[in-house]
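This report describes a structure through its side-chain contacts, moving from aromatic pairs to the nonpolar core and then to the salt bridges.

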Amino acid sequence: MSLKYSDEFKRDAVRIAFTSGLTRRQVASDLSIGLSTLGKWIASISDETKIPTQDTDLLRENERLRKENRILREE
């Protein structure tokens with residue numbers, strides 16, 4: 001039995017995955033969805049919105065810096 005999620009929930013999940021600095025696995029776990037489900041949503045929504053490469057690079061760099069910051073705080 002599969003659950004039906006709203007388009008808004010899917011977009012929010014993708015936004016969180018790109019901007020939170022958390023891994024996709026952590027985001028999926030926090031939202032109680034499967035990792036592969038989140039991956040499909042990211043691929044689908046990325047295709048729909050056609051995120052420019054430069055913006056994607058900035059999002060990845062932002063994610064890397066947030067992760068580094070979190071690690072430094074823990075130390």
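Is Tyr 5 buried, partly exposed or exposed? The model is a predicted one, and in it Tyr 5 has a relative accessibility of 22%, which places this residue in the partly exposed class, because that class begins where the buried class, under 20%, ends.

**Aromatic cluster**

Tyr 5 takes part in a stacked aromatic pair with Phe 9, in which the ring centres are 5.0 Å apart and the planes are at 15° to each other. Tyr 5 also pairs with Trp 41, here in an edge-to-face arrangement with 5.3 Å from centre to centre and 75° between the planes. Since Tyr 5 belongs to the segment before helix 1 whereas Trp 41 belongs to helix 3, this second pair ties together parts of the chain that lie 36 residues apart in sequence. Searching the whole structure gives three aromatic pairs, and Tyr 5, Phe 9 and Trp 41 are joined in one aromatic cluster. The members of this cluster fall into the following accessibility classes: Phe 9, at 27% relative accessibility, is partly exposed, as is Tyr 5 at 22%, while Trp 41, at 10%, is buried.

**Nonpolar core**

Trp 41 is also one of the eleven residues of the largest nonpolar core, which further comprises Ala 13, Val 14, Ala 17, Phe 18, Val 27, Ala 28, Ile 33, Leu 38, Ile 42 and Ile 45. Three helices each give two or more residues to this core, namely helix 1 (7-19), helix 2 (24-30) and helix 3 (35-49). Tyr 5 and Phe 9 are partly exposed, and a nonpolar core of this kind is defined as a set of buried residues; the two are therefore outside the core by that criterion.

Which residues does Ile 33 touch, once those up to four places away in sequence are set aside? The contacts of Ile 33 are Tyr 5, Phe 9, Ala 28, Leu 38 and Trp 41. Among these partners, Tyr 5, Phe 9 and Trp 41 form the aromatic cluster, whereas Ala 28, Leu 38 and Trp 41 are listed with Ile 33 in the nonpolar core, and Trp 41 accordingly appears in both groups.

**Salt bridges**

The count of salt bridges comes to three, and they are set out below with the N to O distance of each.

| Salt bridge | N to O distance |
|---|---|
| Asp 12 and Arg 15 | 4.0 Å |
| Arg 64 and Glu 61 | 2.8 Å |
| Arg 64 and Glu 68 | 3.0 Å |

Asp 12 and Arg 15 are three residues apart in helix 1, so about one helical turn separates them. Asp 12 is partly exposed, with 31% relative accessible area, and Arg 15 is likewise partly exposed, with 46%.

In helix 4 (residues 53-74), Arg 64 and Glu 61 are three residues apart, so that about one helical turn lies between them, and Arg 64 and Glu 68, four residues apart, are also separated by about one helical turn. Arg 64 thus has a salt-bridge partner in Glu 61 and another in Glu 68, and the three residues are linked in a network of salt bridges. Each member of this network is partly exposed, with relative accessibilities of 36% for Glu 61, 42% for Arg 64 and 38% for Glu 68.

Terms used
Residues numbered from 1 in each chain as written. Predicted model: local features only at pLDDT ≥ 70, side-chain atom pairs only at ≥ 80, totals over all residues. Heavy atoms only, no water. Core = buried A, V, L, I, M, F, W, Y, C linked by side-chain atoms within 4.5 Å. Buried < 20%, exposed > 50% of the residue type's maximum accessible area, 1.4 Å probe, protein only. Contact = heavy atoms within 4.5 Å. Salt bridge = Lys/Arg side-chain N within 4 Å of Asp/Glu carboxyl O. Phe/Tyr/Trp six-rings, centres within 6.5 Å; stacked < 30°, edge-to-face > 60°.
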